[in-house]
Amino acid sequence: MSPPIATFNEFDGFTATKELKTGALDAKNVVLQASNEDQTLLDRFGDKWGDFKFAPIRESQVSRAMTRRYFADLDRYAESDVVIVGAGSCGLSTAYTLAKARPDLKIAIVEASVSPGGGCWLGGQLFSAMVLRKPADEFLNDIGVPFEDEGNYVVVKHAALFMSTLMSKVLAMPNVKLFNATCVEDLITRPAADGNVRIVGVVTNWTLVTLHHDDHSCMDPNTINAPLVISTTGHDGPFGAFSAKRLVSMNAIEKLGGMRGLDMNSAEDAIVKGTREVSPGLIMGGMELSELDGANRMGPTFGAMVLSGVKAAEEALKVFETRKAECAE
């Protein structure tokens, strides 16, 4: 079946002749229909470059096309159901699994880097191939990434093939919005019944602003409220282990366990098994857990990252309704 023809209205933006409904959220398919599906791009463009010309546009149309949609997203996701901090392999695996299971949830992903994907564009030491220990091959089958079976582990020919495939699937989901080049500067908290705190959202700012707080005047942040935050910011670094370190500084926990040395066999099991709600309203997954729990690092094997994401989604489904009800009180 051909996708609907998209049209542009100066005030309403793109509209489509047919709307797609996914769960409780409506999404509009804005893919342009090809004039002839039997023609290839070379058939349509080949040997026609002499008279080639783009459709006319004003510069202001480009600005409005970008800003109108972005500010609409900021407004829509200011109240989210779930915020995922970090768009690496664990965060995106979480988003993929959770958004498929609950297409009615509004899921915001906040990523400090301009380019999402974390360290998953290459394997170890800048090599191309990506190794995942079984049973993580089941995740590859689910997203449609081919691999070579080596017995106890599988090899994807290039890590970028995995990441680009996963990212394209997540970004195509109508209930997910990625805010990249955006940094989480703090967690929003509320008093919990036991005297501790509940996490009920994140404090955000442009990453370039966050990086220059020390050499410029104070630039206040923005916020996203959500009954559940899933933190997958990786091991310690400029933005790594952010939520784990913030739990210490806000006295929610006494200290971090600190990541131990590399041991693939113990590390991957520990990360997946340890993925959990570490504080009311805050689930933690991926290598950030190694800093919290004192687990080993795993090095260039990625199975634990994707299956920690699956488990983080499962943990979110278990507690979401409870946390949502608490936020409504």
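**Aromatic pairs, annotated sites and buried elements**

At 54% relative accessibility, Phe71 counts as exposed, because the cut-off for that class is over 50%. The model described here is predicted. The mean pLDDT of the chain is 89. A pLDDT of 70 or more is reached by 89% of the residues. Residues 1–27 stand apart from this picture, with pLDDT under 50 throughout. For this stretch the model has 59 contacts beyond four places in sequence.

Aromatic rings were examined next. A pair of aromatic rings is described by the distance of the centres and the angle of the planes. Searching the whole structure gives nine aromatic pairs. One of them joins Tyr70 and Phe71. Their ring centres are 6.4 Å apart, and the planes meet at 90 degrees. This arrangement is edge-to-face. Tyr70 has a relative accessible area of 22%, so this residue is partly exposed rather than buried, a class that requires under 20%.

Tyr96 and Phe139 form another pair, with centres 5.7 Å apart. Their planes lie at 70 degrees, so this pair is edge-to-face too; the cut-off is over 60 degrees. Tyr96 belongs to helix 3 (residues 89–101), and Phe139 belongs to helix 4 (residues 137–143). The pair therefore ties together parts that are 43 residues apart in sequence. Tyr96 and Phe139 are both buried.

Ring pairs also build a cluster. Its members are Tyr70, Phe71, Tyr77, Phe179 and Trp206. Phe179 has a charged partner as well: the charged end of Lys177 sits over its ring. The distance to the ring centre is 5.5 Å.

Strand 10 (residues 176–180) includes Val176. The relative accessible area of Val176 is 9%, so this residue is buried. Residues up to four places away in sequence aside, Val176 touches Tyr77, Ala99, Ile107, Ile109 and Val170. Tyr77 is also a member of the ring cluster. Val82 is 94 residues from Val176 in sequence. In space, the C-alpha atoms of Val176 and Val82 are 9.7 Å apart.

An unreviewed UniProt entry carries the annotation "binding site" for several residues, among them Glu111 and Asp220. Cys90, His235 and Arg297 are also included in that annotation. Glu111 is placed in strand 6 (residues 107–111). With a relative accessible area of 11%, Glu111 is buried, because that value falls under 20%. Beyond its neighbours within four places in sequence, Glu111 contacts Gly86, Ala87, Gly88 and Pro116, among others. Its contacts also include Leu178, Phe179, Asn180, Ala181 and Thr182. Phe179 thus belongs to the contacts of Glu111 and to the ring cluster.

Asp220 has another setting. This residue lies in the loop between helix 6 (207–210) and strand 13 (222–225). Its relative accessible area is 64%, so Asp220 is exposed.

Helix 7 spans residues 242–249. Its buried residues are Phe242, Ser243, Ala244 and Leu247. Several elements cover these residues, including strand 11 (182–191) and strand 14 (228–231). Strand 16 (276–279), strand 17 (282–284) and helix 9 (288–293) also contribute to the cover. Just after helix 7 comes Asn251, with a positive phi of about 65 degrees.

Definitions and conventions: Residues numbered from 1 in each chain as written. Predicted model: local features only at pLDDT ≥ 70, side-chain atom pairs only at ≥ 80, totals over all residues. Heavy atoms only, no water. Phe/Tyr/Trp six-rings, centres within 6.5 Å; stacked < 30°, edge-to-face > 60°. Buried < 20%, exposed > 50% of the residue type's maximum accessible area, 1.4 Å probe, protein only. Helix = DSSP H or I, 4+ residues; strand = E, 2+ residues; numbered from the N terminus. Lys NZ or Arg CZ within 6 Å of the ring centre and 35° of its normal. UniProt positions renumbered as here; feature names shortened; annotations may be inferred. Contact = heavy atoms within 4.5 Å. pLDDT = per-residue confidence, 0-100.
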